[in-house]
Amino acid sequence: MTTSAAASTGSEGAIAGGGAVTDRLVEANQRYASAFTDPGMDARPVLHVAVVACMDARLDLHAALGLELGDCHTIRNAGGVVTDDVIRSLTISQHKLGTRSVVLIHHTGCGLEALTEDFRTELEMAVGQRPAWAVESFRDVDQDVRQSMQRVRTSPFLLHTDDVRGFVFDVRTGLLREVDPA
């Protein structure tokens, strides 16, 4: 599989040019839309599952999990950590759109392992305002998966907390390793 990162398209220049990358994405969407046929799907995921994962560009969740369009809700953020906003999305997913299972996916080599909460201070120094949100950095990926599982399982807003499983995706092998919640 060729990715845009691997393809020699001069993307480095496009990134430096500001809007050039967005223009490329809009052009790709026009090509996509020209052959698009409404699949007639409901917003409810067919597999009744929500996947929470890191936003890392190396994770192709649909390919890695054998998912098709319409199979799941996908919620992504830095680290794949369960934050208040993730709970918000999961709550809507469960209460209004019928999901019953939650799969959490962190990964090896995550950038959050190299950050600390000092990042908030750095931002405050750079922009003059301290962010209200926590960085949610971590040193132990397995422990962070456990913490995320616990946050889901103990949320009073979620209807279904019995089928919550956490994994670490190995970015070198593509394999998932399940994390014991204990």
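Is Glu124 buried, partly exposed or exposed? Glu124 is partly exposed, at a relative accessible area of 31%, and we will meet this residue again among the salt bridges. Welcome to a predicted model, whose centrepiece for this briefing is an open sheet of five strands. Below come the sheet, the cores, the cysteines, the salt bridges and a few long-range distances.

**The sheet**

- The strands run in the order β2-β1-β3-β4-β5, and their pairing is mixed.
- Which strands stand at the edges? They are β2 (72-77) and β5 (176-179); each has a single partner strand, so one side of each is left without a neighbour in the sheet.
- On average, and ignoring direction, neighbouring strands of this sheet are turned by 25 degrees against each other.
- Strand β4, residues 164-169, pairs with β5 in the antiparallel sense, over four bridges.
- Within that pairing, Phe167 stands opposite Glu178 of β5.
- Helix α4 (residues 84-97) packs on the sheet, where it touches β1 (49-54), β2 and β3 (101-107). The direction of α4 makes about 170 degrees with that of β2.

**Nonpolar cores**

- As background, nonpolar side chains in soluble globular proteins tend to be buried together.
- The largest nonpolar core here has 23 residues. Which of them touch the most other members? Those are Val52, Leu90, Val102, Leu104 and Val152.
- Two or more residues of this core come from each of β1, α4, β3, α6 (141-154) and β4.
- The top contributor is α6, which gives four residues to this core.
- Val52 is a good residue to click on: leaving aside residues up to four places away in sequence, Val52 touches Ile75, Gly80, Val86, Leu90, Val102, Val103, Leu104 and Ile105.
- Another core, of 11 residues, lies apart from the largest one. Ala53, Leu61, Leu67 and Phe167 are among its members, and Phe167 is also the residue that stands opposite Glu178 in β5.

**Cysteines and the loop after β3**

- How many disulfides are there? The count comes to zero.
- Why is Cys54 not bonded to Cys110? The Cys110 sulfur is the closest cysteine sulfur to that of Cys54, but at 4.2 Å it is too far for a bond, because the cut-off for a disulfide is 2.5 Å between sulfur atoms.
- Seen from the other side, Cys110 is in no disulfide either, with the sulfur of Cys54 as its nearest cysteine sulfur.
- Cys54 is buried at 4% relative accessibility, and Cys110 is buried too, with a relative accessible area of 6%.
- Gly109 sits in the loop between β3 and α5 (118-127). Gly109 is exposed, with a relative accessible area of 53%, whereas Cys110 counts as buried.

**Salt bridges**

- The structure holds six salt bridges, and three of them are described here.
- Asp85 and Arg88 meet through their side chains, with an N to O distance of 3.2 Å. Both belong to helix α4; being three residues apart, they are separated by about one helical turn.
- Asp85 is partly exposed, with a relative accessible area of 45%, and Arg88 is partly exposed at 49%.
- Glu124, from the opening question, forms a salt bridge with Arg130 at 3.3 Å, N to O. Arg130 is partly exposed, with a relative accessible area of 35%.
- Arg165 and Glu178 form a salt bridge whose closest N and O atoms are 2.7 Å apart. Arg165 lies in strand β4 and Glu178 in strand β5, so the pair ties together parts that are 13 residues apart in sequence.
- Both partners of this bridge are partly exposed: Arg165 at 42% relative accessibility and Glu178 at 39%.

**Distances across the chain**

- Gly109 and Gly174 are 65 residues apart along the chain, and their C-alpha atoms are separated by 13 Å.
- Where does Asp23 lie? Asp23 is found in helix α2 (residues 20-34), and this residue is partly exposed, with a relative accessible area of 46%.
- From Asp23 to Leu159 there are 136 residues in sequence and 41 Å in space, C-alpha to C-alpha.

Definitions and conventions
Residues numbered from 1 in each chain as written. Predicted model: local features only at pLDDT ≥ 70, side-chain atom pairs only at ≥ 80, totals over all residues. Heavy atoms only, no water. Pairing = 2+ DSSP bridges. Axes fitted to C-alpha atoms, helices over the stretch in contact; angles between N-to-C directions. Contact = heavy atoms within 4.5 Å. Core = buried A, V, L, I, M, F, W, Y, C linked by side-chain atoms within 4.5 Å. Buried < 20%, exposed > 50% of the residue type's maximum accessible area, 1.4 Å probe, protein only. Salt bridge = Lys/Arg side-chain N within 4 Å of Asp/Glu carboxyl O.
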